[in-house]
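Student: Please take a close look at one helix packing in this model and the loops around it. Keep the account plain.

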Amino acid sequence: MTPEPLPPLDPALLPPGVRSRFVAGVNGLRMHLLEAGHESTGRPVVLLLHGFPELAYSWRKLMPALAAAGYHAIAPDQRGYGRTTGWDDRYDGDVASYRLLNLVRDALGLVMALGHRVVAAVVGHDFGAPVAAWCALLRPDVFRSVVLMSAPFGGPPPLPFDTAKRPAAPPGPSVHDALAALPRPRKHYQWHYATREANDDLWRCPQGVHDVLRAYYHHKSADWPGNRPEPLRGWTAAELARMPTYYVMDLHQGMAATVAAEMPTPAQIAACRWLPDAELRVYSAEYRRTGFQGGLNWYRCSIGEAHQAELQIFAGRRIEVPALYLAGRADWGTFQRPGAFEAMQSRVCPQLRGCHLIDGAGHWVQQEQPEAVNRLLLDFLQPR
């Protein structure tokens, strides 16, 4: 029996002026989106792309401000998330549908389905940032500017150069073997997320989905006092092990146990104004229904050799449209890929208009400090 189509998100959960709706036939998806500024036609479009473990709902604090400034703000639940359907939720299913080029096709297909040929800005947070970056790199005629949040873009993967004269050095030992061999054995979270066990670890965890999300959001926020990021000197086990355990985990623990150790107290939860429990329940209700495999498949693609080889076609290409980078000052995401933040500024984004590390925010910058993000975003979109 075909399941009944999901309804839109309850309007009572959304800020005034933000609506929930569906658009069918987008690259095989029935895509759920939130939008604001939809009442009149002809407005410039701002496309908002969330990361993991997030939803279109993550943009709720920016959308009214964008609409008030004259924009049509569009935020989809991306492939693998929320109320968007038509994606493969199996570990052994069509993982290739989650590769970056297909995620760009999803974004392009959505704006085209909505009747837009130009997007004033594509804005991406966390894993949405590389999707936004590739949108701007591949289709600058459509995506006229780009804002990256919490994940700098270091450019397409390179191809070996001038190896006819100087053969490339053989690959060295795996950094993952080196992490496992540390006195405190560790593993990188992205490789953990690629394992078969990762979905059940989060979805079927002892504390339940709501509490695992509470701990995960807390651990990566400015509320957790251990978040004092600084640049890493290289992609080595010793340097990676300087990051908190939500990025470089203890070898024999899953993510649910990792973040459970940092679960905030009831008093801390009650004091959390940027993500009160009623708002967190929007996330936990969706993830209890869908599980996490859709989002985890993004990681499986991103670290796969075949996917990296596909992206090498664009080696050396730069983002030529105006760009902006925003992140929380307490966000390790800026530095988790050594050299990416510097490459973005010096080479990859020649029209970079600013890099802003925002006080009082960790990884969830647009939720933790929406006023500052709105100000910087609108200054970028409407330069004085």
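Tutor: What follows covers one helix pair, then single residues in loops. This is a predicted model, in which local features need pLDDT of at least 70, side-chain atom pairs count only at pLDDT 80 or more, and totals for chains, interfaces and linings use all residues. Residues are numbered from 1 along each chain as its sequence is written, and side-chain values use heavy atoms, with hydrogens and water left out.

The axes of helix α2 (residues 100–113) and helix α3 (residues 128–138) come within 9 Å and cross at roughly 80 degrees. Helices here are DSSP runs of H or I with at least four residues, strands are runs of E with at least two, and both are numbered from the N terminus. Axes are lines fitted to C-alpha atoms, for helices over the stretch in contact, and angles run from 0 to 180 degrees between N-to-C directions. α2 and α3 are therefore roughly perpendicular to each other (65 to 115 degrees). On the α2 side L100, L101, L103, V104 and A107 meet P130, V131, W134, C135 and L138 of α3, where contact means heavy atoms within 4.5 Å.

The loop between β5 (121–125) and α3 holds D126. D126 is not a glycine, yet has a positive phi of about 55 degrees. Its relative accessibility is 8%, so D126 counts as buried (under 20% relative accessible area, with a 1.4 Å probe and protein chains only). S150, in the loop between β6 (146–149) and α4 (175–180), also is not a glycine and has a positive phi of about 75 degrees. S150 is buried, at a relative accessible area of 2%.

Key
Angles under 35 degrees count as roughly parallel, over 145 as roughly antiparallel, 65 to 115 as roughly perpendicular and the rest as oblique. Buried means under 20% relative accessible area, exposed over 50%, partly exposed in between (1.4 Å probe, protein chains only).
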